[in-house]
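This report walks through selected parts of one protein structure, moving from a barrel and a metal site to a separate sheet. Please keep the sequence and the structure in view while reading.

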Amino acid sequence: MSSRIVKIFDTTLRDGEQSPGASLNIEEKIAIAKQLEKLGVDVIEAGFAAASPGDFEAINAIAKIIKNSTIASLARAVKQDIEKGLEAIKPAPRKRLHTFIATSPIHVEKKLKMSYEAVLDAAVDAVKFARNGCEEVEFSAEDATRSNWDYLCKVVESVINAGASVVNLPDTVGYTTPQEYYELITYIKNKVPNIDKAEVSVHCHNDLGMAVANSLSAVLAGADQVECTINGIGERAGNASLEEIVMAIKVRNDIYKASTNINTKEIYRTSRLVSKLTGIDIQRNKAIVGKNAFAHEAGIHQDGVIKEKSTYEIMKPEDVGIDSSSLVLGKHSGKHGLEKRLVELGYQLTKEQLEDIFEKFKVLADKKKEVYDEDLHALVEDKIKFSPSVYEIVSLQVSSGTNITPTATIKLSKNGEIFEDAALGDGPVDAVYKALERITFVKGQLKFYEIKSITESREALGEATVKVYFPDIDKNIIGRGVATDVIEASAKAYLDAINKALMYIT
Ligand code: KIV
Ligand code: ZN
């Protein structure tokens, strides 16, 4: 057994949310924070409180709910940012203020236009000020990997003296390499005289595809904390992926001689939730959580796995929460059978939710004969919404074909009242979206549209994802919808986005 625990600092809700295309509402952020707590992350960086009132509100709400993970807010090394951050995290039983300033020549001279002495003073002042309102303060030297190492040592020593209990050395632009990062961490640990008074944290971006390798190299050099995101989402090419770091440390315990507090069985569920709510797909061959991560295609491999799983599997799908038993449900499966399977898949549903899913399951089983776990995940995820369903689809009729103008007629209900309208469009989906806008009086611009099948058969469920820009609220919103009919799935996705937009309008 390993003796050393490497702490996992999850920044999905802060750096991850900075991914191009990701935008989460407060309910979605709370749902992710709760799942991260279940996953067992040590720290949840819930946002950047001074960035916007929405960010502040989300951090504050998460701080009131989460009990077991530390809640952190990011803040620039300026008083107003730190005040906002401190206020946002106040209700949390465990809290941390995370402040940063850049230390590299390019940032100090060209971006901040400050002297090195002024940067050092700002870092020290920020930590001292933050310590007045929070016992746990983390300091990050932005762009540490392109900074002068001796200057970095001076900054790190000074912020520790000022009261920082965690010092983070980010590879902000994904520039370093495993060898170089190992040497940097080793240098800091050897040269900073008071380094034993603080934890050393690492934070890597993936611009050269080395974020996970660099983070693991830092673990070998003695880093105490790794900052990462679910599915590796984040600025540009993303951050280091939490699931890959955690599983590498677990599977190669012989190398890393460490462990984490992560309940790895919650990895898959967390990954799906983040992907669904951010609208950022997981590539099929993504390590640990991709659709193909545990699939064996080659005959020789299949033969080997049948004889002995460890021939081609270095970890079990169950270790990350993927149930690989091939139980298939069908139209003769009863409610108890469905409930049992849903519980096995990790869902705890209310009676009403189960009734509703059972109805949908029956309709699907009638069309599809065999219902797989992927279908069940999609049905449940479609049901559990993190925003109120203001409008719901009652009926949808679309006519389209060669040489006719596509027309959609839609009936929606809102608080028991029925609204109906029709519209023409350039295509059937366009006609549907125009009709939805006419009924709801909410206008959007479709920025992204995707439809994919959940499983591989003609009758498979289709899952539509849209990103819609709503000029009235100046927001991009993700919507999702699932149905066996692709036009219906597309309509549900657009209406999901409209319903979310209405939360800001009304
Ligand atoms: O990449 C980075 O440098 C950051 C810091 C603000 C921690 O995200
Ligand atoms: Zn970052």
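A residue is called buried when its relative accessible area is under 20%, and exposed when that area is over 50%, with partly exposed residues in between. The model discussed here is predicted, and the statements below should be read with that in mind.

## The barrel

Eight strands form a closed barrel, which runs β2-β3-β4-β5-β6-β7-β8-β9 with parallel pairing. Neighbouring strands of this sheet are turned by 25° against each other on average, when direction is ignored. As a general point, the strands of a sheet pair through backbone hydrogen bonds, in either a parallel or an antiparallel manner.

Helix α4, made of residues 105-112, lies across β5 and β6 (137-142), and its direction makes an angle of about 80° with β5.

## Strand β3 and its two partners

Strand β3 covers residues 43-47 and is mostly covered, with five of its five residues buried. On one pairing, β3 meets strand β2 (residues 7-10) in the parallel sense over two bridges, and here F9 stands opposite V43 of β3. On another pairing, β3 runs parallel to strand β4 (residues 70-76), to which four bridges join it. Within that second pairing, E45 has A72 in β4 as its bridge partner, while G47 is partnered by S73, also in β4.

How does the chain get from β3 to β4, and what is the handedness of this β-α-β crossover? The chain passes from β3 through helix α2, residues 53-65, before reaching β4, and the crossover is right-handed.

## R96 inside strand β5

R96 belongs to strand β5, which spans residues 95-102. Is R96 buried or exposed? Its relative accessible area is 2%, and R96 is therefore counted as buried, since this value falls under the 20% cut-off.

When neighbours within four places in sequence are set aside, R96 is in contact with F9, V43, T70, I71, A72, S73, I89, C134, E136, E138, V166 and Q225. Several of these contacts have already appeared in the description of the barrel: F9 and V43 stand opposite each other, A72 is the bridge partner of E45, and S73 is the bridge partner of G47.

## The zinc site

Which residues coordinate the zinc ion (ligand 2)? The ion is coordinated by D15 through OD, by H203 through NE2 and by H205 through NE2, at 2.0 to 2.1 Å. Along the sequence, these donor residues follow the spacing D-x187-H-x1-H.

Both histidines are buried: H203 has a relative accessible area of 5%, and H205 has one of 4%. H205 is found in the loop between β8 (199-204) and α8 (211-220), and a polar contact of 3.2 Å joins its side chain to that of H203. Not counting residues up to four places away in sequence, H205 touches D15, D171, T172, G174, A211, E235, R236, G238 and N239; among them, D15 is also a donor to the zinc ion.

## The open sheet

A second sheet is open and holds three strands in the order β11-β12-β13, with antiparallel pairing. β11 (392-401) and β13 (417-424) stand at its edges, and each has a single partner strand, so one side of each is left without a neighbour in the sheet. Neighbouring strands of this sheet are turned by 10° against each other on average, direction ignored.

Strand β12, residues 404-414, pairs with β13 in the antiparallel sense over eight bridges, and T409 stands opposite A422 in β13. Helix α17 (residues 486-505) packs on the sheet, where it touches β11 and β12, and its direction makes about 130° with that of β11.

## S400 in edge strand β11

S400 is found in strand β11, one of the two strands at the edges of the open sheet. With a relative accessible area of 40%, S400 is partly exposed. Leaving out residues up to four places away in sequence, S400 touches P406 and P428. The C-alpha atoms of S400 and L424, which are 24 residues apart along the chain, are separated by 9.9 Å.

Terms used. Residues numbered from 1 in each chain as written. Chains lettered and ligands numbered in written order. Predicted model: local features only at pLDDT ≥ 70, side-chain atom pairs only at ≥ 80, totals over all residues. Heavy atoms only, no water. Buried < 20%, exposed > 50% of the residue type's maximum accessible area, 1.4 Å probe, protein only. Contact = heavy atoms within 4.5 Å. Donors = N, O, S within 2.8 Å, 3.2 Å for Na, K, Ca; no water. Polar contact = N/O pair within 3.5 Å; in protein donor to acceptor, adjacent residues only side chain to side chain. Pairing = 2+ DSSP bridges. Right-handed = clockwise from strand over helix to strand, strands pointing away. Axes fitted to C-alpha atoms, helices over the stretch in contact; angles between N-to-C directions.
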